[in-house]
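User: Please walk me through this model, and tell me what each label rests on. I like to see the value next to the rule.

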Amino acid sequence: MGSEFSVKKMNFMFWVLMVLVIETQLIRCSVTYDRKALVINGQRKILISGSIHYPRSTPEMWEDLIMKAKEGGLDVIDTYVFWNGHEPSPGNYNFEGRYDLVRFLKIIQKAGLYAHLRIGPYICGEWNFGGFPVWLKYIPGISFRTDNGPFKFHPTIIYYYQAHEAMQSFTEKIVDLMKSHNLFQSQGGPIILSQIENEYGKQRESIGEDGYNYMVWAANMAVRTQTGVPWIMCKDDETPDPLINTCNGFYCHQFTPNRPYKPKLWTEAWSGWFTEFGGSISQRPVQDLAFAVARFIQTGGSLVNYYMYHGGTNFGRTAGGPFITTSYDYDAPLDEYGLIRQPKFGHLRELHKAIKLCEKALVAAEPLVTDLGPLQQAHVFYPEKGGCAAFLANYDTKSGARVMFNNRHYSLPPWSISILPDCRNVVFNTAKVGVQTSHMEMVPSGADIIEWESYNEDILALGDGSTITAIGLLDQLNMTRDSTDYLWYRTSVEIDPSEHFLHSGELPTLVMKSTGHAVHVFVNGKHIGSAFGARKDRKVNFSEKVNLQPGANKISLLSVAVGLPNVGAHFERWDMGILGPVVLHGLNQGQRDLSSNRWTYQVGLKGESMNLASPNSVSMARWMDSKLAVQNQQPLMWHKSYFDAPEGDEPLALDMKSMGKGQVWINGQSIGRYWTTEARGDCKNCTYAGRFKPPNCQVGCGKPSQRW
Ligand code: GAL
């Protein structure tokens, strides 16, 4: 009897233990939500998050950026997933180097932070083609971001392209990759949230029923991947359950989720704004940003993500646009080089500390709102279990206010919020910056590059095997498939010796339109002019007198892309380049339309096909001393030089002030496009008080939008 009893007892203990283990396991690993907040490990959280996009820095920088973000008071790192970087051609994946997403997430995990994975896979983000691989555009019957089989996932894709990815397959690919490394919080990993699509609301409305069906499909498809963590959709009020709809904007206090049982989350609190070639640089005052964040939290918000916390660099040809600069600095708390930008970083850090001191009250109570004056309010959080936190706000943009709260006087500067984690003592006011301003200065590295060699790009080259001839003008994107920024359009024009202009000296005019983004025009090998689109008017109009000769004349037009658009729907309809008309005016017959001529197309530059940018390229290129090359300068030239890497590990930049427009490679890696075109427009001085909206607070007019 005795021994039977003891065995039973042991059995019983065993079961109790098992249950406990399973229970704690479940609690440890679950992420859910309720009307107040995301619930992690069974606890509601106020989360401060920041966007850091892994391909916009180098893997060597990641740990430093993430540790700085942690020091700045962040709990979460938010990133998009960059489809066109991960799948450059159908079925060929790249998860290496700057695209090593797993490594990036493991660094986040090691730092003890959470991650929000915004898979998209449409991501906008000023990223080339909004993140879509350009090859997707050429899948027969595809229509982007709508209820379309080939886009979502359709057997025809397998048939035509042998099992490559459309939206569903890519999403599943990423989820599976994350699962295989145990990266979801449900597996003990850092990912607590995932996003499907991006700001679909407006598109959905404009598309109608197909848009709605696609959105519902996307949501269900995402949920079926069973990540164990919630999915969100940003900026779409119709977001179906169980997905959470979230807000993006400069301010989000007025946002309410579409169901009362969802938390109020802000996925893009814009810390500044992006820059375009020819545009000035935005600077969002940190007082206003802090005010917006505090206002969001006081109205019940529980997650704020700074877009961007570190903007970084659009390396290579990854910038979207057109005309997005290589720098994606964004006036973020960490600057393009990963250096701390003060007072933005420090002031936000203080704000985050103050918010965290209120966390218990914030997650446990609804705000009680009382008016303290005509433009002043108190938001007070009194949890039933005790404690109290208050936010005292002054919305007046001009005057400060003295208010009475809980029988005490408080002074509130204009457009500011004071935070009182105990409902008595002010620990932080959004307008009072106690952090010193830092000034980033470029200092010479000592690695002056003096000796240069140059190579004249071949203007006349034709027929090296890579040309196509066709009647009429063809779409540049279709021709290049975005393998290069450059496409040559060449044709020949026969001029009769009896032409009037040959004797009168009144030259004919070549008139041409291009959908973008720049064009260089050569007649009989001579450069006769260039035209550039501008960020406000992307189309290019060219009109120049041309010196033609009797007989055959060669007209060569070099069309140049400066990043593919990243915003909108129906990417399948976009075309670009010289789509006509191309017309010669002032001939005997009046005008001659060359648009339906026989045109010969050459994809890319000669120097590109010779791989001149690679340090290992063995080519027949005739480089010459730059001093000699300058004498017979034509507008298309390659320059190269060797330099010793400067000592130390400070960030380095190249001063491109003396250059025009092109691309730069170091050790064979493209660090991006450059274009020293000046910023036009109004630069408006900025006050922190009042709604921030570009073009307010712009600097740098009259200077290159990007010099470094
Ligand atoms: C948002 C978009 C982001 C980014 C931002 C501007 O609307 O979701 O991807 O493009 O605008 O920087």
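Analyst: Happy to. Helices (H or I, at least four residues) and strands (E, at least two) are DSSP runs, numbered from the N terminus. By that reading, residues 486-553 are 6% helix and 56% strand, with end C-alpha atoms 22 Å apart. This is a predicted model, in which local features need pLDDT of at least 70 and side-chain atom pairs count only at pLDDT 80 or more, while totals for chains, interfaces and linings use all residues. Residues are numbered from 1 along each chain as its sequence is written, and side-chain values use heavy atoms, with hydrogens and water left out.

User: What makes residues 486-553 worth singling out?

Analyst: UniProt lists 486-553, together with 636-703, as "domain: Beta-galactosidase galactose-binding" in an unreviewed entry. The record also has "domain: Beta-galactosidase beta-sandwich", likewise unreviewed, at residues 377-433. That second span is 0% helix and 49% strand, and its end C-alpha atoms lie 22 Å apart. Such annotations may be inferred rather than shown by experiment; names are shortened and positions follow the numbering used here.

User: How do you know where the domains of the protein lie?

Analyst: The bounds come from an automatic or database domain assignment. That assignment gives domain 1 (46-137 + 165-341), domain 2 (363-439) and domain 3 (458-604). The centres of domain 2 and domain 3, taken over C-alpha atoms, are 62 Å apart.

User: Which residues are closest to the ligand?

Analyst: Tyr-80, Gly-125, Glu-126, Glu-199 and Tyr-330 are the closest of the 15 residues that surround the ligand. Being near it means having a heavy atom within 4 Å. The shell divides into nine nonpolar, three polar and three charged residues.

User: What makes the approach of Glu-126 to the ligand a polar contact?

Analyst: A polar contact is a pair of N or O atoms within 3.5 Å; within protein, one must be able to donate a hydrogen and the other to accept it, and residues adjacent in sequence count only if both atoms are side-chain atoms. An N or O atom in the Glu-126 side chain is 2.6 Å from a ligand oxygen, so the pair meets the cut-off. Glu-199 has such a side-chain atom 2.5 Å from a ligand oxygen, and a polar side-chain atom of Tyr-330 also lies 2.5 Å from one. The protein covers 94% of the 310 Å² of accessible area that the ligand has on its own.

User: Why is Ser-416 called buried?

Analyst: Buried means under 20% relative accessible area, exposed over 50%, and partly exposed in between (1.4 Å probe, protein chains only). Ser-416 has 0%, so it is buried. This serine sits in strand β18 (residues 416-420). Its side chain reaches the backbone oxygen of Pro-413 at 2.8 Å and makes a polar contact of 3.1 Å with the side chain of Asn-429.

User: Is Lys-262 buried or exposed, and what does its side chain contact?

Analyst: Its relative accessible area is 2%, so Lys-262 is buried. The lysine is in the loop between β9 (244-249) and β10 (264-270). Its side chain makes polar contacts with the side chains of Asp-241 (2.8 Å) and Asn-258 (3.0 Å).

User: What kind of peptide bond joins Asp-241 and Pro-242?

Analyst: A cis one, with omega about 0 degrees. Pro-242 is in the loop between β8 (231-234) and β9. The bond from Gly-321 to Pro-322 is cis too, with omega near 10 degrees. Most residues other than glycine have a negative phi, and most peptide bonds are trans.

User: What is the phi of Asp-331?

Analyst: It is positive, near 55 degrees, in a residue other than glycine. Asp-331 lies in the loop between β12 and α11, and at 10% relative accessibility it counts as buried. Asn-524 has a positive phi as well, near 50 degrees. That asparagine is in the loop between β24 (518-523) and β25 (526-532).

User: Why is Asn-524 put in its exposure class?

Analyst: Its relative accessible area is 29%, so Asn-524 is partly exposed.

User: Which residues of helix α4 are buried?

Analyst: In α4 (residues 101-110), these are Leu-101, Val-102, Phe-104, Leu-105, Ile-107 and Ile-108. Gly-112 follows the helix, with a positive phi near 80 degrees.

Conventions
Accessible areas come from the Shrake-Rupley method with a 1.4 Å probe; for residues, only the protein chains shown count as cover. Ala, Val, Leu, Ile, Met, Phe, Trp, Tyr, Cys and Pro count as nonpolar, Asp, Glu, Lys and Arg as charged, and the others, Gly among them, as polar.
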